[in-house]
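This briefing covers the ligand sites, the sheets and the chain contacts of one model. Please read it alongside the sequence and the structure shown here.

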There are 8 protein chains.
Amino acid sequence: DRVRFDILREKRTGFPEAVFAPGKSDEDIINIIRTVGDVIVTRLPPERAERIMDGLDLGDDYTADYHETARVLAVRSGEPERLGRIGVLSAGTSDIPVAEEARVVAEESGCEVLTAYDVGVAGIHRLLEPLQDMLESDVKVLIVVAGMEGALPSVVAGLVDVPVIAVPTSVGYGVGEGGFAALNSMLQSCSPGIGVVNIDNGFGAAVLAVKILRAFAGD
Amino acid sequence: DRVRFDILREKRTGFPEAVFAPGKSDEDIINIIRTVGDVIVTRLPPERAERIMDGLDLGDDYTADYHETARVLAVRSGEPERLGRIGVLSAGTSDIPVAEEARVVAEESGCEVLTAYDVGVAGIHRLLEPLQDMLESDVKVLIVVAGMEGALPSVVAGLVDVPVIAVPTSVGYGVGEGGFAALNSMLQSCSPGIGVVNIDNGFGAAVLAVKILRAFAGD
Amino acid sequence: DRVRFDILREKRTGFPEAVFAPGKSDEDIINIIRTVGDVIVTRLPPERAERIMDGLDLGDDYTADYHETARVLAVRSGEPERLGRIGVLSAGTSDIPVAEEARVVAEESGCEVLTAYDVGVAGIHRLLEPLQDMLESDVKVLIVVAGMEGALPSVVAGLVDVPVIAVPTSVGYGVGEGGFAALNSMLQSCSPGIGVVNIDNGFGAAVLAVKILRAFAGD
Amino acid sequence: DRVRFDILREKRTGFPEAVFAPGKSDEDIINIIRTVGDVIVTRLPPERAERIMDGLDLGDDYTADYHETARVLAVRSGEPERLGRIGVLSAGTSDIPVAEEARVVAEESGCEVLTAYDVGVAGIHRLLEPLQDMLESDVKVLIVVAGMEGALPSVVAGLVDVPVIAVPTSVGYGVGEGGFAALNSMLQSCSPGIGVVNIDNGFGAAVLAVKILRAFAGD
Amino acid sequence: DRVRFDILREKRTGFPEAVFAPGKSDEDIINIIRTVGDVIVTRLPPERAERIMDGLDLGDDYTADYHETARVLAVRSGEPERLGRIGVLSAGTSDIPVAEEARVVAEESGCEVLTAYDVGVAGIHRLLEPLQDMLESDVKVLIVVAGMEGALPSVVAGLVDVPVIAVPTSVGYGVGEGGFAALNSMLQSCSPGIGVVNIDNGFGAAVLAVKILRAFAGD
Amino acid sequence: DRVRFDILREKRTGFPEAVFAPGKSDEDIINIIRTVGDVIVTRLPPERAERIMDGLDLGDDYTADYHETARVLAVRSGEPERLGRIGVLSAGTSDIPVAEEARVVAEESGCEVLTAYDVGVAGIHRLLEPLQDMLESDVKVLIVVAGMEGALPSVVAGLVDVPVIAVPTSVGYGVGEGGFAALNSMLQSCSPGIGVVNIDNGFGAAVLAVKILRAFAGD
Amino acid sequence: DRVRFDILREKRTGFPEAVFAPGKSDEDIINIIRTVGDVIVTRLPPERAERIMDGLDLGDDYTADYHETARVLAVRSGEPERLGRIGVLSAGTSDIPVAEEARVVAEESGCEVLTAYDVGVAGIHRLLEPLQDMLESDVKVLIVVAGMEGALPSVVAGLVDVPVIAVPTSVGYGVGEGGFAALNSMLQSCSPGIGVVNIDNGFGAAVLAVKILRAFAGD
Amino acid sequence: DRVRFDILREKRTGFPEAVFAPGKSDEDIINIIRTVGDVIVTRLPPERAERIMDGLDLGDDYTADYHETARVLAVRSGEPERLGRIGVLSAGTSDIPVAEEARVVAEESGCEVLTAYDVGVAGIHRLLEPLQDMLESDVKVLIVVAGMEGALPSVVAGLVDVPVIAVPTSVGYGVGEGGFAALNSMLQSCSPGIGVVNIDNGFGAAVLAVKILRAFAGD
Ligand SMILES: Nc1ncnc2c1ncn2[C@@H]1O[C@H](COP(=O)(O)O)[C@@H](O)[C@H]1O
Ligand SMILES: Nc1ncnc2c1ncn2[C@@H]1O[C@H](COP(=O)(O)O)[C@@H](O)[C@H]1O
Ligand SMILES: Nc1ncnc2c1ncn2[C@@H]1O[C@H](COP(=O)(O)O)[C@@H](O)[C@H]1O
Ligand SMILES: Nc1ncnc2c1ncn2[C@@H]1O[C@H](COP(=O)(O)O)[C@@H](O)[C@H]1O
Ligand SMILES: [Mg+2]
Ligand SMILES: [Mg+2]
Ligand SMILES: [Mg+2]
Ligand SMILES: [Mg+2]
Ligand SMILES: [Mg+2]
Ligand SMILES: [Mg+2]
Ligand SMILES: [Mg+2]
Ligand SMILES: [Mg+2]
């Protein structure tokens with residue numbers, strides 16, 4: 001059993017460690033960064049990011065970048081291994097923070113990311129051009145972020161054959177409050193071949209995209 | 001108060017009476033038809049329709065038509081007043097019985113109905129041609145029927161300016177079981193100007209379309 | 001395909017652009033107004049409206065009106081095309097902001113609007129007179145706004161033949177919290193011919209009413 | 001403590017024992033009747049009622065009546081104490097079995113019951129006359145049974161001052177499936193002073209009405 | 001129809017008008033009181049009550065009493081008609097504000113009210129003595145208020161024959177958050193004859209109790 | 001890691017293997033019994049039990065007992081280790097099959113089980129005597145089974161200090177359909193110290209009771 | 001627009017057409033097969049499969065294979081393009097039909113599939129060996145199927161870095177009825193990088209796996 | 001009856017009284033402590049604890065300890081009776097406050113408690129060593145606290161035979177918001193023998209563990 005466990009663990013390398021900021025104090029996060037080194041901190045508001053970066057006192061080996069819309073802080077000692085290209089689309093402007101969380105995490109993990117925001121189904125003619133551009137750039141995975149009724153992943157997966165990772169957002173009100181209308185639309189899509197992650201989980205969508213690219217990285 | 005009530009009631013004419021068959025015996029329905037005359041019976045399975053038509057003994061003034069896919073029986077003594085043109089679209093083939101319920105009720109109430117079935121978002125290129133035909137035929141209302149994730153009304157209302165009545169169907173499974181994923185998508189649509197009716201309620205959608213046409217009938 | 005798309009898009013004109021304020025900064029909204037020109041901004045609190053109007057510096061061609069109860073800001077370069085008459089009813093006094101959102105959006109889009117507020121079913125005798133007045137004024141559509149148990153649209157649609165657009169509100173508590181008791185009542189109404197929109201969506205109800213009037217505008 | 005318990009228990013007399021048939025075998029029910037004597041069996045289908053009445057072999061002291069629509073079997077050795085008058089209203093024809101369960105249980109417990117069925121809000125003018133008759137007959141309690149959107153108790157309680165016991169029924173489909181739209185409407189009514197019982201619980205409504213009449217019986 | 005309506009409305013007298021404070025400004029409430037006279041204002045926090053009472057300037061004919069725990073303000077020109085005796089029980093100490101709302105509204109409407117608070121099923125031996133006292137005082141109705149699992153009305157209705165009005169409260173957390181565990185327990189009680197009102201609706205429970213007493217007031 | 005795993009697994013002995021019959025064919029179950037030997041099969045209807053016992057052809061070393069009400073088949077090669085005494089209570093007669101599943105599984109695992117059925121809170125005076133008998137018999141754990149509003153575990157845990165395992169049953173209708181009213185009552189109990197298992201999971205309750213007794217078996 | 005559409009559609013080739021059998025008659029399915037040729041029919045019970053295969057009368061160019069546990073019928077005119085290796089794991093034996101649906105669809109689309117069934121978290125030591133074998137065989141994607149509490153995908157994704165597609169099944173009862181406990185566990189997993197599909201949607205999981213392999217097929 | 005009640009009550013001793021702080025004022029809590037003496041106050045934030053401890057003025061006989069992470073204040077006049085050893089595990093760092101509430105309440109009631117925090121299934125190799133240590137220390141009960149998908153109790157109960165009390169926490173977002181994904185996983189666990197308490201109810205879990213230890217204390 002021992003051997004087996006070690007082998008499985010051996011594969012768990014290369015990823016930057018990820019920390020979910022809510023429920024942790026600034027000191028907690030500073031300590032984790034000091035201990036671990038390469039870290040991605042998610043859901044971190046600007047004022048917290050500033051305090052943490054002030055308190056870090058990183059040596060010369062590390063750089064720290066804060067991405068405000070994505071609310072992500074990335075601390076890195078080197079460049080991530082280059083992996084390949086993915087696309088990130090968002091339906092509305094309010095979905096952009098979640099889309100940006102996906103983009104930043106994917107880029108910090110070595111992906112090249114093409115984006116097209118505000119291309120939702122209420123104005124579907126705006127979707128076709130950027131989608132075609134992405135396909136021509138040979139993206140391997142599409143992350144599609146949408147709130148409200150969450151129809152965009154179904155429409156995209158009905159048009160193209162690239163694997164689609166769908167991220168419902170909590171944008172909406174009334175029956176859409178909390179993102180459940182979008183989530184259920186994506187799970188119940190009439191276009192098969194869509195993998196869904198939790199509401200607002202841009203981070204998880206990026207990790208899945210990265211795992212897909214990594215699985216083929218050596219090939 | 002008396003006068004007022006009468007005036008309101010005076011407007012309640014011209015519609016065929018509608019009967020919801022479940023929970024009523026064949027005898028109940030035969031009696032209602034004998035008493036009322038012009039009647040539309042909905043949710044009536046073929047074997048019940050046959051027994052009821054056998055038992056009716058209508059006389060020369062009435063004709064009875066049974067529409068099997070729509071599960072609707074129409075008993076009529078004359079032609080309905082001509083009202084105008086509407087379109088009925090369905091996303092999948094499993095949504096057709098609900099779409100047909102809408103079509104038959106609308107036709108029996110005097111509408112001319114254009115239909116386009118199986119034009120859902122998993123193959124969105126199939127939607128554009130029939131939609132354009134309907135617009136060129138000057139339809140005044142579109143009834144859009146969809147189960148699964150219920151995205152079709154959002155896409156249609158994003159493409160055209162005609163009023164859209166959305167009918168969610170109970171086609172689906174898992175999170176879509178019972179039609180709730182479709183219903184919530186339609187209510188939370190990012191395309192405004194969609195009126196939604198209850199799950200599988202093709203009848204109610206047709207009544208609303210007819211009320212719209214009637215409101216302008218004298219103009 | 002190209003041709004088809006263009007024709008569909010041609011019909012998408014004449015409407016003022018609508019912007020949902022929550023989740024957008026004041027600067028975002030000022031920029032949209034500068035770019036687009038004729039705009040309706042919804043869900044805009046008074047203090048935000050004041051800041052935005054101060055920052056706008058509209059030329060002589062535009063006027064800006066803020067409707068406080070409706071929380072709607074309308075920026076316009078001309079008069080909307082005249083469309084026809086509709087009625088807006090609300091059940092309780094707490095439902096008035098949603099009813100006013102519907103009224104303002106409909107008026108800004110060219111409708112003449114008659115209103116009757118606080119005419120709910122707990123005192124049903126107050127409903128009959130204004131309802132009769134609306135019918136005699138030849139309203140083409142009724143928008144009926146109600147929270148709590150949401151019974152008013154069923155009662156109205158049981159009394160008159162004009163098409164009814166029902167707007168549930170989030171007014172209520174306990175089982176009515178969030179507006180779901182009202183929403184489900186309206187969808188499950190025993191009076192057919194009611195089109196329902198999302199909870200608190202006065203805007204969407206107005207857009208649907210306007211689309212109905214427009215569909216017949218040229219006739 | 002002993003004394004106290006006995007006093008409380010002393011008050012628990014006079015009611016016929018009630019048995020909920022589902023989940024019990026015919027033999028179980030026959031045995032209960034043999035042991036207890038005066039019994040009301042609810043939710044008993046006709047074929048089960050027939051088998052049980054055949055198997056009972058009641059002596060001369062007891063009579064057994066089966067009420068088919070109400071699905072209630074009443075076994076009695078004497079007449080119940082006379083209590084007073086109540087009214088039972090139902091919104092639709094499909095709600096009648098639940099209304100009849102309430103009527104039969106109330107009558108077997110000594111109430112005089114006036115009924116008015118199919119007086120729902122889709123045709124509210126049919127409600128006023130029977131409601132006025134009940135008031136003039138001095139009913140002390142109104143049991144109002146409704147499925148679908150469950151609006152009838154709100155309308156009734158908005159018109160009259162008699163206490164209203166509301167019974168939601170499982171009549172409905174889509175969002176009304178199982179009776180929850182009706183239940184929540186009744187609990188969230190804008191007319192205060194309505195006591196609600198479980199979905200389809202005509203029995204419980206009658207027991208509450210009887211308890212009310214009994215509380216004043218000696219006065 | 002006119003006559004009928006008038007008769008029904010004639011019965012709607014004698015009750016103090018009730019106003020639900022949330023969503024109304026202090027000025028709104030002052031105006032209502034000036035117009036209507038005898039008014040019960042519910043859900044009114046102490047600081048608002050103070051401001052309103054300062055602003056009222058009632059003449060000599062009116063007195064205003066504010067009940068802090070109940071958050072009720074009562075403005076009265078005379079004594080209410082004497083009606084009879086009821087009991088109000090609460091399960092926990094956190095349920096007391098809702099129980100007090102019921103007590104104050106009932107007293108302001110003419111009831112004599114006996115109370116027993118903090119007598120829930122976690123210490124059921126504390127329940128028996130006050131319950132027996134209430135029965136011996138000939139209470140006609142019991143209002144039973146409980147949050148958490150809401151078991152108290154079932155236990156009480158299993159011990160006594162007086163009609164029980166059950167009020168679920170929003171006291172609880174996790175699965176009990178919002179009061180739904182308590183509400184459903186009360187509706188699904190194994191003790192029949194319980195009328196349930198909305199979560200935290202002490203006001204509605206009192207109105208129902210008062211309607212019951214009034215129905216027998218002339219007898 | 002290997003060593004550690006082996007130690008953990010070493011503790012996993014002595015329990016009879018348990019098989020959940022639904023979704024397995026008779027042949028599947030016969031094969032499992034042939035392979036494993038000592039087995040408890042749960043949720044097995046009588047007709048399936050008969051076919052399986054016919055097909056088993058156990059040698060002399062094994063005996064097979066089928067418990068009809070509990071729907072449990074026990075196949076055993078010896079007597080289970082004696083563990084100690086527990087009590088099983090059920091609120092209603094419809095809860096008995098679930099209570100019996102708990103009893104049989106506990107007995108087959110070596111417990112001595114005292115039972116008291118139909119002692120629910122609608123007639124709470126019936127509960128006290130059997131509960132006292134159980135305490136005097138030194139039961140170490142009480143399993144309390146209840147459907148409907150599920151109040152019995154709260155009342156029991158409010159009266160005694162023995163650990164309570166609560167089993168909600170799917171007995172109920174309307175808001176109690178499926179057992180959720182009972183489940184939530186038990187989780188939200190005002191009496192602390194209740195461990196809850198899944199709806200109808202008499203088996204799981206017994207396993208927990210057995211694990212408790214075993215943890216102290218050697219002491 | 002036209003050009004763009006054509007490009008998008010060009011990519012939609014190579015997949016066998018898939019048909020969801022429920023809601024379609026045997027004749028419908030025979031007609032689709034005759035028209036389309038290469039088809040995968042899912043959710044097809046054995047007796048329907050037999051009738052359809054009898055009615056097909058395929059020429060020499062086609063072979064038809066029915067996979068009973070998977071309930072999938074595959075009609076093919078040639079071999080699918082070879083794509084690469086994936087793994088399919090199931091937690092329990094009742095989850096096997098869904099796992100088999102995934103396996104068959106993946107194999108028919110050109111994947112090589114390794115399987116390990118009944119390796120759920122109740123006996124986690126059974127999981128490690130087959131998981132290690134799959135990793136050593138260089139699987140590119142893992143499909144993990146689980147009902148009940150749906151913990152297996154979280155545990156697997158915590159051990160390995162290969163992308164995980166999680167399929168919740170409707171195996172479960174009480175709170176797990178319908179598969180929602182499993183679905184929500186998978187979406188809310190503490191191990192990031194899991195793409196979730198609808199309940200029981202083995203087909204959709206396979207399509208996503210195939211899309212992933214195809215995206216890299218030419219590389 | 002009297003005698004019986006007394007005997008039941010006699011067993012209700014030895015436990016410290018517990019007070020749930022939310023909804024009580026500081027004065028309320030000071031008064032309870034003055035009256036009762038030995039008290040555990042739960043859900044008490046640090047600033048409230050400080051004010052209360054300042055206001056207490058305990059004599060020499062009592063000591064007061066505040067546990068900040070657990071938010072528990074314990075006031076004691078002596079040492080609790082020694083009971084035995086239990087283990088408390090938590091899946092994530094955000095679950096620690098709930099785990100600490102369980103630990104402190106158990107220790108204040110006389111248990112010796114071993115803890116292992118942050119040993120969740122996303123890194124399952126961290127779980128095995130502390131789990132083995134607990135077993136070797138002869139813990140009698142394991143309290144397992146987990147949010148997110150709540151898989152940890154299933155994994156633990158699949159590895160060991162000690163009784164498991166599972167505490168879901170409200171840590172999570174999207175579908176896990178409020179703790180329901182974790183709760184349902186625990187109730188629907190594929191590992192039997194888990195007793196579940198309400199979301200975030202570390203207190204209730206400790207009380208159950210203490211009741212288990214006490215039931216065997218005299219043996
Ligand atoms: N934005 C995010 N959404 C979901 N999970 C996250 C996010 N950021 C970090 N995580 C995960 O949360 C775990 C960290 O949890 P914690 O130990 O509480 O910081 C890591 O394993 C990450 O995989
Ligand atoms: N009050 C409102 N309720 C619902 N939808 C609205 C509202 N106001 C604007 N919208 C719609 O929201 C869209 C604008 O979204 P956004 O691009 O995020 O501003 C427009 O297409 C409007 O149709
Ligand atoms: N605490 C309360 N809970 C529920 N309904 C109330 C309450 N107080 C007043 N009401 C009702 O609310 C209505 C007043 O609503 P409004 O006209 O909005 O003030 C009256 O008809 C009262 O019956
Ligand atoms: N943290 C807690 N979670 C759940 N129940 C608690 C908690 N702390 C105290 N209790 C229970 O709440 C009851 C006290 O409620 P109260 O009388 O309102 O203080 C006691 O019987 C305790 O068993
Ligand atoms: Mg969108
Ligand atoms: Mg579709
Ligand atoms: Mg209202
Ligand atoms: Mg009705
Ligand atoms: Mg309580
Ligand atoms: Mg019971
Ligand atoms: Mg499993
Ligand atoms: Mg965790």
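Which polar side-chain atom lies 3.5 Å from a nitrogen atom of ligand 1? It belongs to A:E101. The model is predicted, and the points below treat three ligand sites, two sheets and two pairs of chains that do not touch.

**Ligand 1**

- The site of ligand 1 is shared between chains, because residues from chains A, G and H surround the ligand.
- Chain A supplies A:A18, A:V19, A:F20, A:K24, A:T42, A:R43, A:E101, A:N201 and A:F203, while G:P192, H:T93 and H:Y173 come from the other chains.
- Strand β1 (residues 17-20) of chain A provides the largest share of this shell, with 3 residues.
- By residue class, the shell around ligand 1 holds 6 nonpolar, 3 polar and 3 charged residues.
- The side chain of A:K24 has an N or O atom 2.5 Å from an oxygen atom of ligand 1.
- The side chain of A:N201 places an N or O atom 3.4 Å from a nitrogen atom of ligand 1.
- Of the 500 Å² of accessible area that ligand 1 has on its own, the protein covers 77%.

**Ligand 3**

- Residues from chains C, D and E surround ligand 3, so this site too is shared between chains.
- Chain E contributes E:A18, E:V19, E:F20, E:K24, E:T42, E:R43, E:E101, E:N201 and E:F203; C:T93, C:Y173 and D:P192 complete the surroundings of ligand 3.
- Strand β1 (residues 17-20) of chain E gives the most to the shell, with 3 residues.
- The shell around ligand 3 is made up of 6 nonpolar, 3 polar and 3 charged residues.
- An N or O atom in the side chain of E:T42 is 2.6 Å from a nitrogen atom of ligand 3.
- For the side chain of C:Y173, the distance from an N or O atom to a nitrogen atom of ligand 3 is 3.1 Å.
- For the side chain of E:N201, the corresponding distance to a nitrogen atom of ligand 3 is 3.4 Å.
- The protein covers 76% of the accessible area of ligand 3, which is 500 Å² for the ligand on its own.

**Ligand 4**

- Ligand 4 lies between chains E, F and H.
- The residues around ligand 4 include H:A18, H:V19, H:F20, H:K24, H:T42, H:R43, H:E101, H:N201 and H:F203 from chain H, together with E:T93, E:Y173 and F:P192.
- Strand β1 (residues 17-20) of chain H accounts for the largest share of the shell, 3 residues.
- The shell around ligand 4 divides into 6 nonpolar, 3 polar and 3 charged residues.
- Two contacts involve an oxygen atom of ligand 4: an N or O atom in the side chain of H:K24 lies at 2.5 Å, and a backbone N or O atom of H:F20 lies at 3.4 Å.
- A polar side-chain atom of H:N201 is 3.4 Å from a nitrogen atom of ligand 4.
- Ligand 4 has 500 Å² of accessible area on its own, and the protein covers 76% of it.

**Sheet of chain B**

- Chain B has an open sheet of 4 strands in the order β1-β2-β4-β3, with mixed pairing.
- Its edge strands, β1 (17-20) and β3 (63-67), each pair on one side only.
- Neighbouring strands of this sheet are turned by 15° against each other on average, direction ignored.
- β1(B) pairs with strand β2 (residues 39-42) of chain B in the parallel sense over 4 bridges, and B:F20 has B:T42 in β2(B) as its bridge partner.
- Helix α3 (residues 46-56) of chain B packs on the sheet and touches β3 and β4 (72-76); the direction of the helix makes about 175° with that of β3(B).

**Sheet of chain C**

- Chain C has an open sheet of 4 strands, ordered β1-β2-β4-β3, with mixed pairing.
- The edge strands of the chain C sheet are β1 (17-20) and β3 (63-67), each paired on one side only.
- From one strand to the next, the twist averages 15°.
- β3(C) and strand β4 (residues 72-76) of chain C pair in the antiparallel sense over 5 bridges, with C:H67 opposite C:V72 in β4(C).
- Helix α3 (residues 46-56) of chain C lies across β3 and β4 and runs at about 175° to β3(C).

**Chains without contact**

- Chain A and chain E share no contact, and their closest C-alpha atoms lie 17 Å apart.
- Chain D and chain G do not touch either, with their nearest C-alpha atoms 17 Å apart.

How values were computed:
Residues numbered from 1 in each chain as written. Chains lettered and ligands numbered in written order. Predicted model: local features only at pLDDT ≥ 70, side-chain atom pairs only at ≥ 80, totals over all residues. Heavy atoms only, no water. Pairing = 2+ DSSP bridges. Axes fitted to C-alpha atoms, helices over the stretch in contact; angles between N-to-C directions. Contact = heavy atoms within 4.5 Å. Near = heavy atom within 4 Å. Polar contact = N/O pair within 3.5 Å; in protein donor to acceptor, adjacent residues only side chain to side chain. Areas by Shrake-Rupley, 256 points an atom, 1.4 Å probe, with all protein chains shown as cover. Nonpolar A, V, L, I, M, F, W, Y, C, P; charged D, E, K, R; others polar.
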